[in-house]
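Q: Could you take me on a close look at the aromatic rings and the charged side chains around them? I would like one connected account that I can follow with the model open beside me.

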Amino acid sequence: SGVFNLIGGFTDVGSGISFKEIQAQDGWQSLMALSTDGAAKFNAKFPAAMPTSYCGQPTSTSANGIKYYSFSGVGQVVRALDPSDYLLAATSVPFLSDANDGLVSACSSRLGYVIRDNYIMNHLDSADQVLGLTAWGESKPKSIYRTQVNRLKNANL
């Protein structure tokens, strides 16, 4: 719990919040919210653009005038030089044979219009974190986000 509180504090500071304004963290509740049961409760409360079954494709890409998009990766150790890859390889173990990015399964990532759920990148790579290393030949996160911005612009959003 203390580690998650610390991570929350670093996240606050990393997003530009001053040390005086660091928000109260509850690492245990955060962890519970990200568990399978916590995610199921959240999804039941906010079902917009969700698939009707696990690993299914969403039948709707919008709800209440909001368009939903998702993408995810299916790699853990994608660059041997990235130390965080080994942590994500360890956190991927509970997924057994489910394709995942080290923290989220590809099936669980599907929401609205699924851009792709098989990028060769792990959870941190998708946000270009930790040294900015990604798999050889794979799309770069900045390129993926630029494409999404253009997609939204072309849809007049």
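A: Happy to. Two rings of Phe, Tyr or Trp (its six-membered ring) count as a pair if their centres lie within 6.5 Å, and planes over 60 degrees apart make the pair edge-to-face. Please keep in mind that this is a predicted model. By that definition the structure holds 4 aromatic pairs.

Let's begin with phenylalanine 71 and tyrosine 119. Their ring centres are 5.7 Å apart and their planes stand at 85 degrees, so this pair is edge-to-face. It links distant parts of the chain: phenylalanine 71 belongs to strand 3 (residues 69-73) and tyrosine 119 to strand 4 (residues 113-119), with their positions 48 residues apart in sequence. Phenylalanine 71 is partly exposed, at a relative accessible area of 21%. Tyrosine 119, in contrast, is buried, with 6% relative accessibility.

Phenylalanine 71 has another ring partner, tyrosine 145. Here the centres lie 5.5 Å apart and the planes meet at 75 degrees, so this pair is edge-to-face too. Again distant parts of the chain are linked, because phenylalanine 71 sits in strand 3 while tyrosine 145 sits in helix 5 (residues 141-154), 74 residues apart. Tyrosine 145 is partly exposed, with a relative accessible area of 40%. Taken together, ring pairs join Phe71, Tyr119 and Tyr145 into a cluster.

Now for the charges. Tyrosine 119 also has the charged end of arginine 116 over its ring, 4.0 Å from the centre. Elsewhere, arginine 79 lies over the face of tryptophan 136, at 4.1 Å from the ring centre.

Arginine 116 brings us to the salt bridges. Side chains of opposite charge can pair when their charged atoms come close. A search of the whole structure finds 2 salt bridges. In one of them, arginine 116 pairs with glutamate 138, and the closest N and O atoms are 3.5 Å apart. Arginine 116 is in strand 4 and glutamate 138 is in the loop between strand 4 and helix 5, so the pair ties together parts 22 residues apart in sequence. As for exposure, arginine 116 is partly exposed at 30% relative accessibility, whereas glutamate 138 is buried, with a relative accessible area of 12%.

Strand 4 also holds aspartate 117. The side chain of aspartate 117 meets that of arginine 110 in a salt bridge, at 2.7 Å from N to O. Both arginine 110 and aspartate 117 are buried. Aspartate 117 has 15% relative accessibility, and buried means under 20%, so this residue falls in that class. Leaving aside residues up to four places away in sequence, aspartate 117 touches Ser72, Gly73, Val74, Ala106, Ser109 and Arg110.

To retrace the path on your screen, start at phenylalanine 71 in strand 3 and go to tyrosine 119 in strand 4. From the ring of tyrosine 119, step to the charged end of arginine 116. Arginine 116 then leads you to glutamate 138 through their salt bridge. Finally, look at aspartate 117 in strand 4, and follow its side chain to arginine 110.

Note on methods: Residues numbered from 1 in each chain as written. Predicted model: local features only at pLDDT ≥ 70, side-chain atom pairs only at ≥ 80, totals over all residues. Heavy atoms only, no water. Phe/Tyr/Trp six-rings, centres within 6.5 Å; stacked < 30°, edge-to-face > 60°. Helix = DSSP H or I, 4+ residues; strand = E, 2+ residues; numbered from the N terminus. Buried < 20%, exposed > 50% of the residue type's maximum accessible area, 1.4 Å probe, protein only. Lys NZ or Arg CZ within 6 Å of the ring centre and 35° of its normal. Contact = heavy atoms within 4.5 Å. Salt bridge = Lys/Arg side-chain N within 4 Å of Asp/Glu carboxyl O.
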